[in-house]
Amino acid sequence: MKEFLSVLRTDFYRAFLSFGFVAGIIGAFAIFCFGSVGMMSQEASAVAVFNNTYKYNNISEMLFLAATFAYSSCFCVDWQTRFTYPAIIRSHKKRYMLSKCITAVIAGGMSVVVGTLLFIGAICIVQSSVLPSAIEIDMEFSPQAFGDLLMHGQEALFFFSYIYVIFWQAGFFSLLGLLASSYIPNKYAAYISPFILGFIMNQIANIVRLPIWLDPVKLSTVNILNLSTVRILLLVTATFFSFIVICSILFIRKAERRICNG
C-alpha cells in the first residue's frame with residue numbers, strides 16, 4: 001500500500017502542477033462563457049443563466065475536451081519517453097496503471113469543476129439576482145433536475161449538485177481519453193477521442209433507445225424530469241462509477257499487454 005500511495009502521490013504532483021490542469025480550468029471557463037452568449041440579460045438570474053447555458057448549448061459535450069487536458073495523455077507521454085519502464089521497476093505494473101486511472105479521473109474532474117466554479121462565481125456577481133422569481137421556479141424549474149432545491153431557496157445546493165455531476169462526467173471522459181491512448185499512444189488521440197466516442201455512444205443510445213443511465217452523454221446534461229435530487233445523484237454516481245470501473249479494467253489490461261510486448 002505504501003508503494004502504491006507513493007506512485008499515486010507522484011502522479012498527483014504531475015497532474016495538478018501541470019500546464020494541462022491549468023489549461024483544463026481555462027478551457028472549461030471559456031466554454032461556459034462562450035455558451036452563455038445570448039443567455040445573459042439584466043432580468044435573468046444566475047441560476048437561469050447557468051441552467052440554460054449548461055443544458056441547451058451543448059456545453060456538457062464541449063467539456064469532454066477540457067476534461068482531457070489535465071492527465072489523459074499521461075500514459076502515452078510516458079510510453080513515448082520510455083518513462084514507463086523505470087516507473088514500473090520502482091512499483092508494479094498494476095499499481096502504476098491503477099494510479100494513472102485514479103489520477104486521470106480526479107485531475108480531469110477537478111480541472112473542469114474549478115473552471116465551472118469560476119463561471120458560477122462570475123454570473124452570481126454580474127447578474128442582478130441569484131435565484132429566479134418564485135413564479136418562475138414554480139412554473140419552469142420545479143419539474144427539472146434539482147428543481148426541488150430551488151423550491152426551498154437552496155441555490156447553493158443547486159449549484160453544488162450540478163458541480164457533483166460535472167465532476168463525475170469530466171472524470172469519466174478524462175479516463176476515456178486515457179483508455180484510448182493505450183490503443184493509440186498519441187496525446188492528440190487522448191484529447192480528441194472522448195469527444196468522438198461520446199458522440200458515437202450518444203448516437204447508438206438514441207438509435208437503440210437506451211435508458212438515460214446507459215447513456216453517459218445524455219446523463220451529463222441531467223435532462224431528467226420529476227425526479228428528486230437524491231435519486232438523481234444516486235443515479236449519476238452509480239452510472240459513472242460503473243463506467244469508470246469498466247474503463248479502468250480495460251485500460252489496465254491493454255496497457256499491461258502493450259508493456260509486455262514492448
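**Helix packing and buried residues**

Mentor: Let me begin with one pair of helices in this predicted model: the crossing of α4 and α11 is right-handed.

Trainee: Which residues make that contact?

Mentor: On the α4 side they are Glu 61, Met 62, Phe 64, Leu 65 and Thr 68, and on the α11 side they are Ala 190, Tyr 191, Pro 194 and Phe 195. Sorted by class, the contact of α4 with α11 has seven nonpolar, one polar and one charged residues.

Trainee: And at what angle do the axes of α4 and α11 cross?

Mentor: The axes of α4, residues 59-68, and α11, residues 187-208, cross at roughly 160° and come within 8 Å. Since angles over 145 degrees count as roughly antiparallel, α4 is therefore roughly antiparallel to α11.

Trainee: How does α4 pack with α10?

Mentor: Helix α10 covers residues 155-183, and α4 packs with α10 at an angle of about 55°, their axes being 8 Å apart, which makes α4 oblique to α10. This crossing of α4 and α10 is right-handed.

Trainee: Which residues meet there, between α4 and α10?

Mentor: From α4 there are Ser 60, Leu 63, Phe 64, Ala 67 and Thr 68, and they meet Gln 169, Ala 170, Phe 173 and Ser 174 of α10. By class, the residues of this contact of α4 with α10 divide into five nonpolar, four polar and no charged.

Trainee: Moving to α3, how many of its residues are buried?

Mentor: In α3, which covers residues 46-56, 10 of the 11 residues are buried, so the helix is largely enclosed by the rest of the structure. Among the buried ones are Phe 50, Asn 51, Asn 52, Tyr 54 and Lys 55. After α3 comes Asn 58, whose phi is positive, near 55°.

Trainee: What about Pro 216, where is it placed?

Mentor: Pro 216 is in helix α12, residues 216-220, and with a relative accessible area of 1% Pro 216 is buried. Not counting residues up to four places away in sequence, Pro 216 touches Phe 172, Phe 173, Met 201, Phe 240 and Phe 243.

Trainee: Is Asp 11 buried or exposed?

Mentor: Asp 11 is buried, because its relative accessible area is 2% and the cut-off for buried is under 20%. Asp 11 is found in helix α1, residues 2-16, and, leaving aside neighbours within four places in sequence, Asp 11 is in contact with Tyr 71, Tyr 96, Ser 99, Lys 100 and Thr 103.

Trainee: Where does Gly 27 lie?

Mentor: Gly 27 lies in helix α2, residues 19-35, and at 16% relative accessibility Gly 27 counts as buried. Gly 27 and Ile 163 are 136 residues apart in sequence and, C-alpha to C-alpha, 16 Å apart in space.

Trainee: Changing topic, how many disulfides does a search of the whole structure find?

Mentor: The search finds zero disulfides. Cys 74 is in no disulfide, and the nearest cysteine sulfur, that of Cys 76, is 7.7 Å away. Cys 74 is also buried, with a relative accessible area of 3%.

Trainee: Then why is there no bond for Cys 124?

Mentor: The closest cysteine sulfur to that of Cys 124 is in Cys 33, and at 13 Å it is too far for a bond. As for accessibility, Cys 124 counts as partly exposed, at 29%.

Methods: Residues numbered from 1 in each chain as written. Predicted model: local features only at pLDDT ≥ 70, side-chain atom pairs only at ≥ 80, totals over all residues. Heavy atoms only, no water. Axes fitted to C-alpha atoms, helices over the stretch in contact; angles between N-to-C directions. Helix = DSSP H or I, 4+ residues; strand = E, 2+ residues; numbered from the N terminus. Parallel < 35°, antiparallel > 145°, perpendicular 65-115°, else oblique. Left-handed = near helix turned anticlockwise from the far one by under 90°. Contact = heavy atoms within 4.5 Å. Nonpolar A, V, L, I, M, F, W, Y, C, P; charged D, E, K, R; others polar. Buried < 20%, exposed > 50% of the residue type's maximum accessible area, 1.4 Å probe, protein only. Disulfide = S-S within 2.5 Å.
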